[in-house]
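Dear colleague,

Please find below the structure that I am handing over to you. My findings follow it.

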Amino acid sequence: MTTAAPARRRRWPVPPSLLVGLAPLVVFAAVSAWRARPSDDYPTLGQTVDSVVRSLVVPEGIAALALCVVVTGLGWWRIATVDPTRAGLRWTWLAPALILAVCVLRLPLVDWSALPVRYFLLLAVGVLFVGVFEELMTRGVLLVGLRRRLPEFGVWILSCVLFGLLHLLNALAGATLGATLVQVVFAASFGSTLYVARRLTGNLVLPVLVHAFWDFGSIGLSATNDLQDPSRLVLVGTLGLFSFVVLAFGIVAGGVIAWRDDRPRRLRRRWRTVPPMAAVAVSDTELRRSPLGTA
């Protein structure tokens, strides 16, 4: 008599797990806290060519490259960047479309003559690195880990919340507490729209581009405009209020997509205590055949 050899544990690709999914986020938070240790650098972030290189292009490029190496080592490229099924709710396309509309509307408000061309070229490279790194980390590796333990609705909520909480680190770099809390709420809401973009397209390309486009306009606008001008301040403020409305719609869209994905699971839980019809038929037959079941 021969015994079957025990199955060898699969070592690569690394099986998805919550701890592995959270690890890049924790490491990034720790490194960012160390780099941002109490200072007053935040107000000058991205305001000059030197700042763009020092604060965006170099660190974000290194972070993106390091995360790509980690994802390659895990063997997670496909599961971290591609969804097997896409969300089928067409109306939710409005969420990323409206965000892109806000990005386009901000472009005329940027003073393109205030800084040299190389500033905008370097800014484009820097925000693209930001988009690749943060989307691969939060809408990629983190989603894979969360999906091992949570239903999709929980994955959506927690991924957005954690993305927002990362921006608490801005307080260490000199942002005021009030402004930091607004950024946390804003980033968590923005994360929902980026989640929608991934679910609609089935990959990370659109979330990366939307994220980069948004940051480009935001930083470029703050670096080239004197908001002491009342007319310019009114335009920027109105666009900002509209942005919050758009982000609120993104929250609704993300929640509906995630909740809809969980419907089959909820139905299985609801009916799992109900015996199948075949079992009911067998029980009725046995009852009729038993002495107590005869008239």
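Of the 295 residues in this protein, 41% count as buried. Please bear in mind that the model is predicted. The accessible surface amounts to about 16,800 Å², and carbon and sulfur atoms contribute 69% of that area.

As to the fold, the protein contains 11 helices and zero strands. Read from the N terminus, the order of elements is therefore α-α-α-α-α-α-α-α-α-α-α. Among contacts in the protein with a separation of 6 or more, 85% are between residues 24 or more positions apart.

I then turned to the aromatic side chains. A pair of aromatic rings is described by the distance of the centres and the angle of the planes. The protein has 10 aromatic pairs when ring centres within 6.5 Å are taken as paired.

One of these pairs is formed by W91 and F249. Their ring centres lie 5.9 Å apart and their planes meet at 75°; because an angle over 60 degrees counts as edge-to-face, the pair is given that description. This pair links distant parts of the chain, its two residues being 158 residues apart. W91 belongs to the loop between helix 3 (77-81) and helix 4 (94-106), whereas F249 is in helix 9 (residues 230-261). Are these two residues buried, partly exposed or exposed? W91 has a relative accessibility of 37% and so counts as partly exposed. F249, at 24%, is also above the 20% limit for buried residues and therefore counts as partly exposed.

A second example is the pair of Y119 and F120. Here the centres are 5.1 Å apart and the planes stand at 85°, so this pair is edge-to-face as well. Y119 has a relative accessibility of 0% and is therefore buried. F120 has a relative accessible area of 9%, which is under 20%, so F120 is buried too. Y119 and F120 also belong to one aromatic cluster, together with W112 and F216.

Finally, two arginine residues deserve mention for their positions relative to aromatic rings. Which ring lies under the charged end of R106? It is the ring of W214, with the charged end of R106 at 4.2 Å from the ring centre. In a similar arrangement, the charged end of R139 sits over the ring of F163, at 4.3 Å from its centre.

Yours sincerely

Key:
Residues numbered from 1 in each chain as written. Predicted model: local features only at pLDDT ≥ 70, side-chain atom pairs only at ≥ 80, totals over all residues. Heavy atoms only, no water. Helix = DSSP H or I, 4+ residues; strand = E, 2+ residues; numbered from the N terminus. Buried < 20%, exposed > 50% of the residue type's maximum accessible area, 1.4 Å probe, protein only. Contact = heavy atoms within 4.5 Å. Areas by Shrake-Rupley, 256 points an atom, 1.4 Å probe, with all protein chains shown as cover. Phe/Tyr/Trp six-rings, centres within 6.5 Å; stacked < 30°, edge-to-face > 60°. Lys NZ or Arg CZ within 6 Å of the ring centre and 35° of its normal.
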